[in-house]
Amino acid sequence: MHVPDGFLTAPVSVATGVVAAGGVALAIRGARKELDEKTAPMAGLVAAFIFATQMINFPVGAGTSGHLMGGVLAAVLVGPYTGALCVTVVLIVQALLFADGGLTALGTNIVLMALVTALGGWLIFRGLVKSLPKNRGGLLTASGIAALLSVPMAALAFVGLYVVGGAVGIDLGALTVTMLGVHVLIGLGEAAITVAVVGAVLSARPDLVCGARHLTTELTVRTSKAAS
Amino acid sequence: MSRNRMFLLIGLAVALVIAGVISFYASSSPDGLEYTAGEKGFLDSARDSAAAGSPLADYGVAGVGNERLSVGLAGIIGVLVVLLLATLLTTVLKRRRTHEHTDQNATSETTSGS
């Protein structure tokens, strides 16, 4: 969903730039509490992994494709604030080096793909975790649903921005329907990848999954029981 | 090798394979937003990014004729640049360990002082 330059008017791009700067500042404050000796290099890896995975566009329906956004994946693995920063670094590198996503649209893309997905997705994840069983299945279900919803959430946020400052006047109802339809499908891919990766890390190193902190002791106890 | 370092190296290897090899097989269809823009008639308002002249623009290395090599190299460069920048950022931001763990002098000073 990398927004190119020109889709949104200059004032809206400036406004999203300001919101993005504020959001990133907030994320930096929050990440200071999340990051320690063990999670800092892990977060670097998460960012690199999201960059790599974003190169893989998968087909969704006829003539359309999508790729992982990674906000929920990053948030569940390294925490929401650090996760938002990881995706932000990816978006900056993509915009500057790879001309993927516009430069004046960089703020827009950070708001949509880093802040809405990582912070918004994390809120959904936390809400689900509370009501689901406190085990591996519950955690993966919460990750998957949050990942699935995060993509249409970002799509809706784009529609919201387009309502305020779209370059070309179009039927906004139709825009909403098409954006949502396509991005629910992409969200299914987002959910599949997120569940697969969180599941793999959970199997190898449950202690490295930030969103599983509430489970780690239980899992460790179970492992040691199984071993004895 | 510590378990953490092992995990990081395996993760990096996976990322490099995805960006360096598998990326070649990615779908080249327009993405969800581009598709919608085409359908709804605002695709033409897109302008080239000021970074369009970058030697890595559109995930290829300028001057490398072989498509597979060009995409793969661009992917590998991207993974390493993102890894470097993100690790720098998180290392600067991370909590300092408590004095007892990192700074022997500070610990002994505290001990002798108390």
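**Entry 1. Confidence**

I began with residues 99–114 of chain B, where pLDDT (the predictor's confidence in each residue, from 0 to 100) stays under 50 and the model has 5 contacts beyond four places in sequence. I took two residues to be in contact if their C-beta atoms, placed from the backbone, lie within 7 Å. Where pLDDT is low, the predicted coordinates should not be read in detail.

I noted that this is a predicted model, in which local features need pLDDT of at least 70 and side-chain atom pairs count only at pLDDT 80 or more, while totals for chains, interfaces and linings use all residues. Residues are numbered from 1 along each chain as its sequence is written, and chains are lettered from A and ligands numbered from 1 in the order in which they are written.

For chain B I found a mean pLDDT of 87, with 83% of its residues at 70 or more. Within chain B, helix α5 (residues 104–113) has the lowest confidence, a mean of 42, and α3(B) the highest, at 97. For the complex, the predictor gives an ipTM of 0.92 and a pTM of 0.91.

**Entry 2. Chain B**

I counted 5 helices and 0 strands in chain B; helices (H or I, at least four residues) and strands (E, at least two) are DSSP runs, numbered from the N terminus. Of its 114 residues, 26% count as buried. A residue is buried if 20 or more other C-beta atoms lie within 10 Å of its own, exposed if 12 or fewer, and partly exposed in between, with C-beta atoms placed from the backbone. Of the chain B contacts between residues at least 6 apart in sequence, 44% join residues at least 24 apart.

**Entry 3. Where the chains meet**

I looked up the contact between the chains, to which chain A gives 61 residues and chain B 51. On the chain B side, the elements giving two or more residues are α1 (3–20), α2 (32–40) and α3 (67–93). The largest share there, 13 residues, is that of α3(B).

I then located P30(B) in the loop between α1 and α2 of chain B. P30(B) is partly exposed, because 17 other C-beta atoms lie within 10 Å. Not counting residues up to four places away in sequence, P30(B) touches T64(A) and S65(A) in chain A, and Y35(B) and G38(B) in chain B.

**Entry 4. Helices of chain A**

I examined helix α1 (residues 10–34) of chain A, whose 25 residues reach 35 Å from first C-alpha to last, close to the 36 Å expected at 1.5 Å a residue. The expected span is 1.5 Å times one less than the number of residues. Among the buried residues of α1(A) are V12(A), T16(A), G23(A) and E34(A). The buried residues of α1(A) pack against α2 (39–54), α3 (71–78), α4 (80–97), α5 and α6 of chain A, together with α3 of chain B.

I turned next to helix α5 (residues 106–131) of chain A, which bends by about 35° at V116(A); the bend is the angle between axes fitted to the seven residues ending there and the seven starting there. Since 20 of its 26 residues are buried, α5(A) is largely enclosed by the rest of the structure.

Last, I checked A154(A), which is in contact with V116(A), M1(A), M69(A), L112(A), M113(A) and T117(A), leaving aside neighbours within four places in sequence.
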